[in-house]
Amino acid sequence: MTSRSMPGTDLAATIVKATAERAAEFERLTGTKPCLATVIVGDDPASVTYVKMKRNRCAKAGITSRHVPLPEETTTEQLVAAVRELSEDPSVHGILLQHPVPAHIDERAAFEAIAPGKDVDGVTMHSFAAMSFGEPGFASCTPGGIMRLLEDYGVEPSGKHAVVIGRSPILGKPAAMLLLAKDATVTVCHSRTRDLPSIVRTADIVVAAVGKPEFVKGDWIKPGAVVIDAGYNEGNVGDVAYAEALPHASLITPVPGGVGPTTIALLLEQTVTAAFAAS
Ligand code: NAP
């Protein structure tokens with residue numbers, strides 16, 4: 001069996017190139033650029049870096065970004081009000097509220113203040129329901145990027161057993177729904193799952209979304225399985241022990257350079273889609 005790394009960089013570049021062309025077309029037609037509002041609460045260094053990176057990519061694709069940094073002590077009410085204001089502002093086409101917000105804030109309430117038509121990060125209940133029912137709407141960017149990666153590498157989920165490790169509202173759960181929509185048989189695992197290695201050993205497709213460095217071991221991987229590592233931990237380490245897993249997998253995403261680039265590409269693509277839909 002040949003094992004292959006499955007980078008997402010080329011796919012992301014293709015999506016960003018097409019998005020930049022659509023952004024230029026939007027500007028030609030309307031006289032304004034598509035606009036993404038980025039909201040960040042507090043100064044968590046990783047979040048600050050992620051938002052900076054997303055804004056830089058926006059600029060390169062011809063999308064403006066309006067940055068709304070809020071102090072750590074922001075209340076739920078204040079954050080909801082700030083997000084609502086952006087939802088009602090016609091010059092803003094997409095809204096990204098950087099996850100996670102400080103623990104004292106009701107993140108769900110803040111996400112739900114994003115107007116569905118501007119939910120380009122796919123975090124609202126509306127977007128989740130649309131995704132789950134296969135209706136039009138914005139995909140949660142990381143799971144959406146994972147599905148595009150599978151497609152790009154010719155991996156057909158239909159009939160396969162997909163095991164998703166993690167059930168967060170932004171990653172594990174939507175990834176499971178998108179795989180189900182593609183006719184995979186899906187098992188969702190979490191911190192209370194018993195004998196996780198045995199379950200993972202039955203997977204044709206593994207999606208690791210745990211947030212623990214090198215948590216998924218090489219000998220958990222069924223020979224020939226496709227391994228998608230959505231994890232990103234300090235020191236550029238994923239949730240899968242890559243070197244151990246590589247010889248078992250047919251395809252495996254590297255960290256960095258796997259899922260991450262496609263996540264950002266999807267955010268830009270969906271921002272331009274939102275701009276066209278609003279115009
Ligand atoms: P999260 O909200 O902390 O969720 C982690 C999930 O892992 C939870 O569902 C948790 O189960 C489960 N889990 C924890 N310990 C486990 C164990 N021992 N066995 C099985 N499951 C376990 O994290 P997240 O936001 O989904 O992020 C997950 C990872 O993806 C992180 O590394 C994050 O940095 C990365 N990420 C990457 C991107 C990207 O663009 N590439 C985007 C977002 C996140 P419970 O529900 O039972 O607690």
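Here is a short chat about a predicted model, going through its rings, buried residues, second largest pocket and domains.

Reader: Let's start with the rings. How many aromatic pairs does the rule give?
Author: The count comes to three aromatic pairs.

Reader: Why is the pair of phenylalanine 26 and phenylalanine 276 called edge-to-face?
Author: Two values settle that. The ring centres are 5.3 Å apart, and a pair needs centres within 6.5 Å. The planes sit at 85 degrees, and over 60 counts as edge-to-face, so that is the label this pair gets.

Reader: What makes that pair a link between distant parts of the chain?
Author: Phenylalanine 26 belongs to helix H1 (residues 9-30) and phenylalanine 276 to helix H10, with their positions 250 residues apart.

Reader: Which of the words buried, partly exposed or exposed fits phenylalanine 26, and why?
Author: Buried. Its relative accessibility is 2%, and the cut-off for buried is under 20%.

Reader: And why is phenylalanine 276 put in the partly exposed class?
Author: Phenylalanine 276 comes out at 25%. Buried would need under 20% and exposed over 50%, so phenylalanine 276 counts as partly exposed.

Reader: What about phenylalanine 215 and tryptophan 220: how do you know that they are edge-to-face?
Author: Run the test again: their rings are 5.7 Å apart centre to centre, with 85 degrees between the planes. The limits are 6.5 Å for pairing and over 60 degrees for edge-to-face, so phenylalanine 215 and tryptophan 220 pass on both counts.

Reader: Buried or exposed, or in between: where do those two residues fall?
Author: Tryptophan 220 is buried, at 10% relative accessibility. Phenylalanine 215 has 27%, which lies between the 20% and 50% cut-offs, so it is partly exposed.

Reader: Valine 240 lies in a loop. Why is valine 240 called buried?
Author: The loop in question runs between strand E8 (226-229) and helix H9 (242-245). The relative accessible area of valine 240 is 3%, and under 20% is what buried means.

Reader: What makes glycine 166 worth a look?
Author: UniProt, in an unreviewed entry, places a "binding site" feature at Gly166, Arg167 and Ser168. Glycine 166 is in the loop between strand E5 (161-165) and H7. With 10% relative accessibility against a cut-off of under 20%, glycine 166 counts as buried.

Reader: On to the second largest pocket. What volume does it have, and which residues are closest to its centre?
Author: About 470 Å³. Its lining has 23 residues, and those closest to the centre are Ala139, Gly144, Met147, Leu178 and Lys182.

Reader: Which element gives the most to that lining?
Author: H6, with five residues. The elements giving two or more residues are helix H5 (125-133), helix H6 (141-152), helix H7 (172-181) and helix H10 (259-278).

Reader: How does the lining divide by residue type?
Author: It has 12 nonpolar, five polar and six charged residues. Gly counts as polar here.

Reader: Where do the domains come in?
Author: The domain assignment gives domain 1 (30-116) and domain 2 (141-259), whose centres are separated by 28 Å over C-alpha atoms. From UniProt, again unreviewed, "domain: Tetrahydrofolate dehydrogenase/cyclohydrolase catalytic" covers residues 7-121. Residues 7-121 are 50% helix and 16% strand. UniProt also places "domain: Tetrahydrofolate dehydrogenase/cyclohydrolase NAD(P)-binding" at residues 140-275, a span with 35% helix and 15% strand.

Terms used
Residues are numbered from 1 along each chain as its sequence is written. This is a predicted model: local features need pLDDT of at least 70, side-chain atom pairs count only at pLDDT 80 or more; totals for chains, interfaces and linings use all residues. Side-chain values use heavy atoms; hydrogens and water are left out. On a 1 Å grid over the protein atoms alone, a cavity is a set of points where a 1.4 Å probe fits but cannot get out, and a pocket is an open set with protein on both sides within 12 Å along at least five of seven lines; lining residues have an atom within 4 Å of a point. Grid points are joined across faces, edges and corners, and a volume is the space filled by probe spheres set on the points. Helices (H or I, at least four residues) and strands (E, at least two) are DSSP runs, numbered from the N terminus. UniProt positions are given in the numbering used here, feature names are shortened, and annotations may be inferred rather than shown by experiment. Domain bounds come from an automatic or database domain assignment. Rings of Phe, Tyr and Trp (its six-membered ring) pair if their centres lie within 6.5 Å; planes under 30 degrees apart count as stacked, over 60 as edge-to-face and the rest as tilted. Buried means under 20% relative accessible area, exposed over 50%, partly exposed in between (1.4 Å probe, protein chains only).
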